[in-house]
Amino acid sequence: QVQLVESGGGLVQPGGSLRLSCAASGTIFRIGAMGWYRQAPGYQRELVAVITSGGSTNLADSVKGRFTISRDNAKNAIYLQMNSLKPEDTAIYYCNAGIKDIPGGVGDHWGQGTQVTVSS
């Protein structure tokens, strides 16, 4: 069983930055694509960014140019650097991982989420 542990969420002012981290642990055969999804109150969960082990990425249009996803394959970890944050970015951010190494895929494993709040 794979466990995903997230960290880095918090409260930040508009225009500020946060860096989220997620590390996979437990019994792992292979981890392919990993990514970040977010869900705001009253909204469906949406893709933020996903990255394969080879570095192929897929980012939501709303975060392109502001967010950057990266990973450390040796640690089965991913990171989300969030710059120029807006109040609209406020949501619970969930880490996701799966076996298939496809940037458009959704993995079977989810973290418990970390809260990101952007407010003055």
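Here is a short conversation about reading the strands and the core of a predicted model.

Biologist: Let's begin with the sheet. How do strands of a sheet pair?

Modeller: They pair through backbone hydrogen bonds, in a parallel or an antiparallel way. Here, four strands form an open sheet in the order β1-β3-β8-β7, and the pairing is antiparallel.

Biologist: Which strands stand at the edges?

Modeller: Those are β1 and β7. Each has a single partner strand, so one side of each has no neighbour in the sheet. From one strand to the next, the twist averages 15 degrees.

Biologist: Over how many bridges do β1 and β3 pair?

Modeller: Six bridges, in the antiparallel sense. For a place to look, find V5, which stands opposite A23 in β3.

Biologist: Now the core. Which residues of the largest nonpolar core touch the most other members?

Modeller: M34, W36, L80, M82 and Y93 do, in a core of 28 residues. Several strands supply at least two residues each, among them β4 (34-39), β8 (77-82) and β9 (91-97).

Biologist: What is M82 in contact with, leaving aside neighbours within four places in sequence?

Modeller: Its contacts are G16, S17, L18, L20, R66, F67, Y93 and V116.

Biologist: And T117, in strand β11: why does T117 count as partly exposed?

Modeller: Because its relative accessibility is 25%, and partly exposed lies between the cut-offs of 20% and 50%. Not counting residues up to four places away in sequence, T117 touches G10, L11, V12 and T90. T117 and L11 are 106 residues apart along the chain, yet their C-alpha atoms are separated by 4.8 Å.

Conventions: Residues are numbered from 1 along each chain as its sequence is written. This is a predicted model: local features need pLDDT of at least 70, side-chain atom pairs count only at pLDDT 80 or more; totals for chains, interfaces and linings use all residues. Side-chain values use heavy atoms; hydrogens and water are left out. A nonpolar core is a set of buried Ala, Val, Leu, Ile, Met, Phe, Trp, Tyr and Cys residues joined through side-chain atoms within 4.5 Å. Buried means under 20% relative accessible area, exposed over 50%, partly exposed in between (1.4 Å probe, protein chains only). Contact means heavy atoms within 4.5 Å. Two strands pair if DSSP finds at least two bridges between them. Axes are lines fitted to C-alpha atoms, for helices over the stretch in contact, and angles run from 0 to 180 degrees between N-to-C directions.
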